[in-house]
Amino acid sequence: MPELPEVETTVRGLRPVLEGARLTLVQPRRGDLRRPFPEDLGQRMTGARVTALGRRAKYGLIDTDRGDTMIFHLGMSGRWRVDPAELLPHDHLILETDTGRRLALNDPRRFGSVDLVRTDSVLAWPPFAATGPEPFDPGFTAAYLKDKLAGRIAPIKAMLLDQKVVAGLGNIYVCEALFIARISPKREAGRISLAKLEKLVAAIHEVLIAAIEAGGSTLRDYARPDGELGYFSKQFAVYGREGEPCAGCAGVVRRYADGGRSTFWCPSCQK
DNA sequence: CATACATCCTGTTCGC
DNA sequence: TGCGAACAGGATGTAT
């Protein structure tokens, strides 16, 4: 489930633990997640000092003073456990620092990934090369979307999930943003007016900011040894609320399966 | 190129 | 009560 807000919250939580620290141990505990760990991950990262942490799309970036960037993806079920008292099943990668901190990348479903690229080549890394603008990039505007979606007959929901259109959105926040903008997830993407796209851009900003703030407010919990990441779930207007009253009209939230994915929406007010 | 769909993975939830 | 089926879904590969 980690989408942009959860990855951003994770990066902000890792920053005070890792930034400036030297890595004394970088140890995979199995060979692979979604794909194999880089063979030289331990060799290249052990002894390096972490200089910065960042995020691109749904990936977290850990820069070192050796000119390497470790890129992690949390997949569906991934999270970093901070200072765990003991290692658990699915702790697939362990980091230790010269400041006495320990991190475990735990990912039961193993949809996540860890890659290692040269920092000066991060933007050319294949998964990033085709990735669209960040939602808060000044270039992500209604005009941009109008151009990008021109002629597209696919539903707007599918287009927003496409990382080449905009980076960082997943099923949950796409559903929420379309609800806020009162746009049906089934609407043909190329036939949405500029005015509606302006509402959509604003809705995406609104829902992401609220989710990041909700996550940020729970950083203290996240940092607990057995801590949980704070999610936005209690504030979802439509996601997971099939059959419940719509928060914005007299309608009822409905669900349909689209390519095996659930879409939640209010047919009464999303047109 | 655009679109649709299958695949990966495992803990949790649901129905019979 | 138990057990199998369904479900969660991001990235990627294949098919049309």
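**Notes on a predicted protein–DNA model**

1. Alanine 57 sits in the loop between strand 2 (50–56) and strand 3 (59–64); helices (H or I, at least four residues) and strands (E, at least two) are DSSP runs, numbered from the N terminus. The model is predicted, so to speak of local features takes pLDDT of at least 70 and side-chain atom pairs count only at pLDDT 80 or more, while totals for chains, interfaces and linings use all residues. Residues are numbered from 1 along each chain as written, chains are lettered from A and ligands numbered from 1 in the order written, and side-chain values use heavy atoms, with hydrogens and water left out.

2. Back to that loop: alanine 57 has a positive phi of about 55° although it is not a glycine. Most residues other than glycine have a negative phi. Alanine 57 is also buried, with a relative accessible area of 4% (buried is under 20%, exposed over 50%, partly exposed in between; 1.4 Å probe, protein chains only).

3. Arginine 182 is another one to look at: its phi is near 60°, again positive in a residue other than glycine. Arginine 182 lies in the loop between helix 6 (171–181) and helix 7 (194–216), and is partly exposed at 25% relative accessible area.

4. Now the DNA. Around strand B you'll find Arg34, His90, Pro108, Arg109, Arg110, Phe111, Arg152, Ile153 and Ala154, where near means a heavy atom of the residue within 4 Å of the strand. By class, that surface has four nonpolar, one polar and four charged residues (Ala, Val, Leu, Ile, Met, Phe, Trp, Tyr, Cys and Pro count as nonpolar, Asp, Glu, Lys and Arg as charged, and the others, Gly among them, as polar). Of the strand B atoms within 4 Å of the protein, 62% belong to sugar or phosphate and the rest to bases.

5. Some distances to check on screen: a polar side-chain atom of arginine 152 is 2.5 Å from a phosphate oxygen of DNA strand B. A polar backbone atom of alanine 154 is 3.3 Å from a phosphate oxygen of the strand. On the base side, an N or O atom in the side chain of arginine 34 lies 3.5 Å from a base oxygen of DNA strand B.

6. Glutamate 8 belongs to helix 1 (residues 4–18) and counts as buried at 13% relative accessibility. Neighbours within four places in sequence aside, glutamate 8 is in contact (heavy atoms within 4.5 Å) with Arg55 and Ile212.

Notes:
Polar contact = N/O pair within 3.5 Å; in protein donor to acceptor, adjacent residues only side chain to side chain.
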